[in-house]
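This report looks at charged side chains that pair with one another, and at where those pairs sit along the chain.

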Amino acid sequence: MSKISIFLGATALFGLSLAASSVSAQERAWNGTETYNEAVPADQPPTFPQGKPTTAQLDPASAAKGGGDPTATDILARGKYLTDMADCASCHTHDGGPEFAGGRPMGMPFGTLYTPNITPDRETGIGGWTFEDFVTLFRKGRNKHGQYVYPGMPYPWYASMRDEDIKAIYAYIMSQAPVRYKIPENQILFPFNFRPAIALYNLAFVPSGIFKDDPKQSALVNRGDYIVNSFAHCTECHNGRTLLGKRDIALPFAGGVITHWATPNITNNKASGLGRYTDAQLFNYLKTGADDVMGTAVGPMRETVDVSLSKFRDEDIRAIIAYLRTQDRPSTYSPYKRDAYKGPNPPGAQVYNSFCSACHGADGKGEKGVIPALDGNGMILAAGPHNVINVIIGGVEAKGSFGVMPALGNSMTDKQIADVTNYVRQAWSNNAPPNADAFLVSVNRVDADGAAQSMLNGKHAGGCPALDESELQKVLADDGNGIETALTSMTLPTMLPTVDAVVEKVKQAAPDLKPEQIVNGLTVAYCPILYRDTTVAPTQKSAQLANFSARVYTQLRTNGAY
């Protein structure tokens, strides 16, 4: 069989299947009936002989850096770091569920795929898997039972991992507490549920071979190459042709579109890629999800930063940047100012003045450390307009030193959103194509995997999101501090003094919390209280939630928390 025939066959049968590898970080609604049973029988201890290590033992800073005979603690520490680097928890943990217990629904054009339980439970997880089974999954995309797994798992990238790194990940996963939880059955339509056909896809689009250093490159660039093209699997999303896997034909790093989110060009191209940004700006963005020039990470990238990139060592972030500097492709679009936007009153300018300029300024520069700039913003300069549309529809939570952006789309028409999106993509020094239209906006408004499921616009699936486990959760659960009572009795006229008092109590009880954790956490805590309040009109609730969040942010800034 020729490579061309393999290519055509795999594309025809599994073109849509590969969309699983580009699913959004957002989730579909959870029916709430599933339960977790962590009371696993006593005869099922953690597989790793030393048992589950302490948090201190798993400090990545103590990981072995090669040489000698690493101890069990070294291996586990290395495994935790590499598991975070591979972003395993993001997909294998459902909102509110135990880490690695799976069950996260991934919406695809032909059904729903539920991520598996990868805790060491022998009945519902991978407790019965050997290291060889684990290697086969990473290298060949086949599970313990010989079944091909859907390429929603990034095994095309994991396949190039070195054996010692897979061993460390295996050891760490197997050291975790087993969780007895049977995930729901996948809902995949025929013929895409015929797993053997995935073999054609693997043959065409999954290269074989373990990563080897390029002797022509520096150690730093080689380290970045290894991270980007294996653990971080960046081109799973940032390919120009995401359906073509890990091959050059997929236009790696050129950027594209995944489930209504645009992935930018991350080559060193100066027109539409990373070439216009300094190493320091890229470092800030990758490590924290926020930078004065690049803006804030949104959509799937935000979760990638929160769950994975923020935990990388500084030297590994720098290695990624060094490697991406070696990648270059032609601009993904023709960067020039269209005639319609050269005049004194370009399309969308009036909408911008009405909804955006008060914060972002007439010059699009924003306010340093408070409001991101739109001029030169990487999200705005992507080939597709999707991210700008989604941010207008769903708003943006606080990140780094930046506050909350309200979901302005609730009070805008589809045409207004399209017009202002095109305007900011062509205004000032921006030369991205003005390719948004009202139809695309209407599609994104109802997209169950995108911005439509936003707490800030009042349309989050199942109501309000769950509060992450943190010191703030403990503070809010303490009935003695009166915080929940204060939020429940708060009205719009009493919001200012109530917020000031609540923030002070939180800071006293949990002084180590980051300001963004307080802003976002209190917003999540207030969300269900607000939506149960029958005295607030339904049409006003998203605006009141945004007002509350903005007040928390302002109080923290005023009192020097930022």
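## A pair within one helix

Glu471 is partly exposed, its relative accessible area being 41%, and Glu471 forms a salt bridge with Lys474 in this predicted model, where the closest N and O atoms of the two residues are 3.3 Å apart. Both residues belong to helix H18 (residues 471-477), in which they are three residues apart, or about one turn of the helix. Lys474 has a relative accessible area of 56% and counts as exposed, because that value is over the 50% cut-off.

## Pairs that link distant parts of the chain

Lys399 and Glu516 form a salt bridge whose closest N and O atoms are 3.7 Å apart. Since Lys399 lies in the loop between helix H15 (386-394) and helix H16 (414-426), while Glu516 lies in helix H21 (residues 515-532), the pair ties together parts that are 117 residues apart in sequence. Both Lys399 and Glu516 are buried.

A salt bridge also joins Arg445 to Asp414, with 2.5 Å between the closest N and O atoms. This pair links distant parts of the chain, 31 residues apart, with Arg445 in helix H17 (residues 438-446) and Asp414 in helix H16. Asp414 has a relative accessibility of 23% and is therefore classed as partly exposed.

## The wider set

Across the whole structure, a search finds 22 salt bridges. Salt bridges also link Lys80, Asp84 and Lys311 in a network.

Terms used. Residues are numbered from 1 along each chain as its sequence is written. This is a predicted model: local features need pLDDT of at least 70, side-chain atom pairs count only at pLDDT 80 or more; totals for chains, interfaces and linings use all residues. Side-chain values use heavy atoms; hydrogens and water are left out. A salt bridge is a side-chain nitrogen of Lys or Arg within 4 Å of a carboxyl oxygen of Asp or Glu. Helices (H or I, at least four residues) and strands (E, at least two) are DSSP runs, numbered from the N terminus. Buried means under 20% relative accessible area, exposed over 50%, partly exposed in between (1.4 Å probe, protein chains only).
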